[in-house]
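Work through the exercises below with the structure in view. Try each task before reading its solution.

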Amino acid sequence: MEEAKVNENSNVNHGRNIFMKALLILPVVWIVLSVFNDVSFGDSTILGIALLIISYLAGDMMILPKMGNMSATIGDLLVGTLVLWGGLNLLGYTEALGEAFLSAAIICVGEYFLHSWILKTQFSNKYV
């Protein structure tokens, strides 16, 4: 009889991970973009949610389990900067690269610790 193949993501609690990531991303985006850079609260919320979804799928579900924490954190920095900068430009905020990079850099500090927690609790502790 064949053994059932164990899915690498079988122990992942997506709801909890997304909630923790939202607690990290949304306040940073609100503070850096809305409070300090006059981006509307609605626009910063839309950008934060877009970043949350894209970075969770790309960084936490694809890169993190295969390449480890540091690769996923660097990936989050790049994705965060591009998503926020592109989104800000699409929404009509010019000269937004500095704000996008600052937001992504602050988020990445927290992402490093979030990734460590995800690896310890939900993956095989491979790259902690």
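This is a predicted model. To begin, α2 passes α4 in a right-handed crossing.

**Exercise 1. Find how the axes of helix α2 and helix α4 cross, and classify the angle.**

Solution.
- Locate the helices: α2 covers residues 41-67, and α4 covers residues 97-122.
- Take the distance: their axes come within 12 Å.
- Take the angle: the axes cross at roughly 45°.
- Classify: angles under 35 degrees would count as roughly parallel, and 65 to 115 as roughly perpendicular. α2 and α4 are therefore oblique to each other.

**Exercise 2. Which residues in α2 and α4 meet, and what is their character?**

Solution.
- On the α2 side, list Leu51, Asp60 and Leu64.
- On the α4 side, list Ile107, Glu111, His115, Ile118 and Leu119.
- Sort them: the contact has five nonpolar residues, one polar and two charged.

**Exercise 3. Which residues touch the most other members of the largest nonpolar core, and which helix gives the most to this core?**

Solution.
- The core has 18 residues.
- Ile25, Leu33, Leu51, Leu84, Leu88 and Ile107 touch the most other members.
- Now the helices: α1 (14-37), α2, α3 (69-90) and α4 each supply at least two residues.
- α1 gives the most, with eight residues.

**Exercise 4. Leave aside neighbours within four places in sequence. What is Leu51 in contact with?**

Solution.
- Start with Ile25 and Tyr56, both in contact with Leu51.
- Add Val79, Gly80, Val83 and Leu84.
- Finish with Ile107, which also meets α2 from α4.

Note on methods. Residues numbered from 1 in each chain as written. Predicted model: local features only at pLDDT ≥ 70, side-chain atom pairs only at ≥ 80, totals over all residues. Heavy atoms only, no water. Axes fitted to C-alpha atoms, helices over the stretch in contact; angles between N-to-C directions. Helix = DSSP H or I, 4+ residues; strand = E, 2+ residues; numbered from the N terminus. Parallel < 35°, antiparallel > 145°, perpendicular 65-115°, else oblique. Left-handed = near helix turned anticlockwise from the far one by under 90°. Contact = heavy atoms within 4.5 Å. Nonpolar A, V, L, I, M, F, W, Y, C, P; charged D, E, K, R; others polar. Core = buried A, V, L, I, M, F, W, Y, C linked by side-chain atoms within 4.5 Å. Buried < 20%, exposed > 50% of the residue type's maximum accessible area, 1.4 Å probe, protein only.
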